[in-house]
Amino acid sequence: MIGFLTKHLIQLLMEPQIVRILQLHCDNIEYTPTKKEIKTAEDIVPETKRLEEVVVVFVAIENGDDSSVAQNAASQIRNSMQKIGSNRLLLYPYAHLSSNLAAPSTALSLLKEMESSFSDIEVSHSPFGWTKSYKIQVKGHPLAESSKVVTKDSEAEKEITSEALKGESKIKSYWKILTPDGTMTDISDFDFSNHKKLEVLAKYEYAKKRSVDEPPPHVALMKKMAIADYEPASDSGNMRFFPNGRLIKSLIERYVTDRVKEYGGYEVETPIMYDSHHPSMVSYFNRFPARQYNIDSEGKKLFLRFAACFGQFLMANEFQMSYKNLPYRLYELTRYSFRREQSGELVGLRRLRAFTMPDCHAFCKDLKQAMDEIKVRFDLSQSVLHELGIEESDYEMAIRFTEDFYNDNKSSIDELVKKHGKPVLVEMWKEKFFYFVLKWEFNYVDNLGKASALSTDQIDVENGNRYGIEFIDENNEHRHPIILHNSPSGAIERIIYATLEKAAKDIKEGKKPQYPLWLAPTQVRIIPLKEEFYDFCNTLSDQISAHDVRVDIDDRNESIGKRIREAEKEWIQYILVIGDKEAHSTNLSIRDRKTGNVRDISFDDFVSEIKTQTNGKPYTGLNLPKYLSKRPQIMV
RNA sequence: GCCUCGAUAGCUCAGCCUGGUAGAGCGAACGCCUCGUAAGCGUUAGGUCGCGGGUUCAGAUCCCGCUCGAGGCUCCA
């Protein structure tokens with residue numbers, strides 16, 4: 001905020017003979033006149049005034065201004081207020097905008113003229129000629145802050161829209177490509193011809209080529225496969241998961257959790273809401289304007305967590321740690337993390353307001369330990385994605401760091417790139433702005449050329465201090481750990497999104513889409529030819545499911561063709577049609593969706609064929625009635 | 001937040017341009033058929049055409065406003 005004011009004040013001071021305006025869309029402003037600054041100050045009783053939901057216009061009227069300029073200024077203010085949908089205005093005389101002020105009497109009369117030209121909205125002005133103290137809360141949206149210079153000729157109008165929000169975060173980024181052999185190329189000099197997906201990631205201006213009206217294919221699939229759907233009675237971006245979706249999601253959740261625990265993470269559970277006035281939150285918040293759900297409760301201003309960081313940091317704050325305990329890793333699968341993304345940004349399972357995020361923090365004693373640890377977690381993330389069915393050709397890596405950090409840690413950074421085995425996108429900063437000095441992520445690039453981050457890790461050098469997390473080092477000194485923030489898979493919903501997008505790609509290419517067998521809601525479907533085989537089917541299904549296989553029975557009175565067709569539409573990999581022949585055979589006749597052919601196979605071989613494909617993955621039983629005649633249709 | 005599009009049966013959608021009794025397929029209920037690897041047949045039920053206003057003898061249809069949704073853009077700590 002301070003930086004913004006300074007920047008624009010300098011710009012404003014360079015243009016002579018105009019009305020100068022700094023316009024701010026505010027949650028509230030409170031001001032108190034303290035003393036008269038000039039003899040001709042307005043005659044008022046000084047009292048504190050507070051306005052809510054208001055556009056505050058700081059205005060300086062310069063030498064040479066007249067009525068037409070005032071009118072011009074008023075009409076511009078009116079225009080922009082319509083744009084942002086506000087109808088309360090405070091004109092705030094602010095001499096510091098100009099070094100060429102008009103005489104106070106002229107200025108006051110023009111100010112009043114401006115005020116009176118707003119008949120249709122609620123308008124007031126703060127007292128002219130008084131020294132005032134004020135408190136102001138500016139909104140965070142892009143149009144909230146703007147400055148204007150208005151001259152007699154309205155065509156000379158200049159409007160500068162604030163870059164305050166993004167401007168700060170984008171300070172001096174240098175975009176590069178780093179190849180596995182360690183060479184860093186400027187992005188404009190890199191030959192992308194063999195790296196199309198990386199190019200998509202690199203230029204996120206893909207709008208030009210893509211056909212606009214096409215919804216991402218996973219949205220239709222998530223409904224058709226009865227996985228998930230929008231819940232109109234909730235807020236946008238809060239999904240409901242049907243039995244199929246819950247089963248898939250819960251298996252992925254369990255798998256990622258198992259892998260993190262195997263790596264050395266200790267699972268914890270922390271609250272989903274926090275007090276924004278808690279001292280640890282305040283400084284964190286000052287950097288990041290409102291993008292969270294806020295809840296007022298008994299005078300507390302609570303917000304819903306947007307990551308697991310707070311809970312784990314506040315918890316680690318209570319730990320008495322020695323350097324001998326480090327690295328120490330805390331893990332939580334947040335169900336949910338909440339980010340109140342702008343409504344227009346929400347898309348299916350790709351971008352949500354409530355999502356499930358595995359989040360593993362490693363507390364490290366020094367940078368060397370952190371660099372060793374980040375490599376282990378890099379391998380973990382790669383492996384987890386692979387096992388979830390997302391291959392290295394599906395995603396591109398981006399890495400961000402400060403220039404100093406790169407120079408000091410070049411070989412370790414090169415090592416990460418080498419592990420990825422492909423060129424990676426680099427964003428390099430001259431100096432640290434965020435709390436981290438290095439961050440990498442894997443970005444899934446979908447059918448429409450959209451990139452979404454999956455796995456990520458960061459080296460955080462600030463929050464150990466901010467949250468008062470300490471350990472005692474070899475010399476009996478108190479020190480703050482370096483903290484790594486890793487999500488080995490990224491949001492679970494996003495893994496489902498990627499899985500469905502890959503399936504959609506198969507469909508488009510004429511291939512049969514398929515779930516990885518361990519995620520399939522039904523792994524084996526049994527279809528009795530006639531009612532007389534029901535008992536046989538039931539026994540068979542018990543025998544198969546005794547080996548931890550999800551098997552169900554289509555006992556509906558439908559034609560055999562129709563029941564097979566529907567099993568195919570559910571992407572069920574194995575179908576067993578049971579008739580006279582099968583009921584009297586020791587072997588099974590299985591229809592394998594991958595080939596569409598029927599083959600004979602022994603019971604044991606069949607089970608072991610399934611086991612090979614689901615080896616090392618979690619299992620849970622059917623999440624639907626075993627008999628299809630007992631299932632409601634999910635119509636979405 | 002901005003732009004565009006949309007809202008008709010449980011679901012997918014037609015009808016709207018050119019105003020005149022509300023349609024189809026799927027699904028559901030019931031019945032027939034008892035079936036050999038991607039849709040067997042018939043009958044029935046089911047709609048305040050998102051909400052509010054206007055024009056008209058008459059509005060799902062034309063006009064205005066609103067609500068909700070979706071996609072794109074911007075954004076993504």
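**Arg-335 is partly exposed, with a relative accessibility of 45%.** On the other side of the pair, Glu-253 is buried at 5%. Here, buried means under 20% relative accessible area, exposed means over 50%, and partly exposed is anything in between (1.4 Å probe, protein chains only). This is a predicted model, in which local features need pLDDT of at least 70, side-chain atom pairs count only at pLDDT 80 or more, and totals for chains, interfaces and linings use all residues. Residues are numbered from 1 along each chain as its sequence is written, chains are lettered from A and ligands numbered from 1 in the order in which they are written, and side-chain values use heavy atoms, with hydrogens and water left out. The side chains of Arg-335 and Glu-253 meet in a salt bridge, 3.5 Å from N to O; that term covers a side-chain nitrogen of Lys or Arg within 4 Å of a carboxyl oxygen of Asp or Glu. The two partners come from distant parts of the chain, 82 residues apart, with Arg-335 in strand E17 (residues 328-338) and Glu-253 in helix H7 (residues 243-263). Helices (H or I, at least four residues) and strands (E, at least two) are DSSP runs, numbered from the N terminus.

**Asp-457 and Arg-377 form a salt bridge, and both are buried.** Their closest N and O atoms are 2.9 Å apart. Asp-457 sits in strand E22 (residues 451-460) and Arg-377 in helix H10 (residues 367-387), so this pair ties together parts that are 80 residues apart in sequence. For the wider picture, the structure holds 48 salt bridges.

**Arg-599 and Asp-592 pair up in a salt bridge of 2.7 Å, N to O.** Arg-599 is partly exposed at 29% relative accessibility, whereas Asp-592 is buried at 7%. Elsewhere, salt bridges with shared partners join Arg-246, Lys-249, Glu-253, Arg-335 and Glu-493 into one network.

**Helix H6 (residues 217-224) crosses helix H14 (residues 492-508) at roughly 100 degrees, their axes coming within 9 Å.** That makes H6 roughly perpendicular to H14, a label for angles of 65 to 115 degrees; under 35 counts as roughly parallel, over 145 as roughly antiparallel, and the rest as oblique. The H6 side of the contact is made by Pro-217, His-218, Leu-221 and Met-222. H14 brings Tyr-497, Leu-500, Glu-501, Ala-503, Ala-504 and Ile-507. Contact means heavy atoms within 4.5 Å. Axes are lines fitted to C-alpha atoms, for helices over the stretch in contact, and angles run from 0 to 180 degrees between N-to-C directions.

**Ile-527, in strand E26 (residues 524-528), is buried.** Its relative accessible area is 0%. Asp-555 is 28 residues away in sequence, yet the two C-alpha atoms are 6.7 Å apart in space. If you skip neighbours within four places in sequence, Ile-527 is in contact with Asp-554, Ile-560, Arg-563, Ile-564, Ile-575, Leu-576, Val-577 and Ile-578.

**Pro-618, in the segment after helix H18 (603-614), is 6.2 Å from Leu-251, C-alpha to C-alpha.** In sequence the two are 367 residues apart. Pro-618 counts as buried, at 9% relative accessibility. Leaving out neighbours within four places in sequence, Pro-618 contacts Leu-251, Arg-254, Tyr-255 and Trp-518. Across chain A, residues 24 or more positions apart account for 76% of the contacts with a separation of 6 or more.

**Helix H9 (residues 309-316) is mostly covered, with six of its eight residues buried.** Those buried residues are Cys-309, Phe-310, Gly-311, Gln-312, Phe-313 and Ala-316. For context, 50% of the 636 residues of chain A count as buried, and the chain has 18 helices and 30 strands.

**Ser-412, in helix H12 (residues 410-420), is buried.** Its relative accessibility is 11%. Residues up to four places away aside, Ser-412 touches Met-371 and Lys-375.

**Ile-272, Met-273 and Ile-295 make up a nonpolar patch on the surface.** Together they offer about 200 Å² of accessible area, calculated by the Shrake-Rupley method with a 1.4 Å probe; for residues, only the protein chains shown count as cover. Patches take residues with over 30% relative accessible area and no salt bridge, joining like charges within 9 Å and nonpolar side chains (Val, Leu, Ile, Met, Phe, Trp, Tyr) within 5 Å. Ile-272 lies in the loop between strand E12 (266-267) and strand E13 (273-275), and is partly exposed at 31% relative accessibility. Chain A exposes about 29,900 Å², with 49% supplied by carbon and sulfur atoms.
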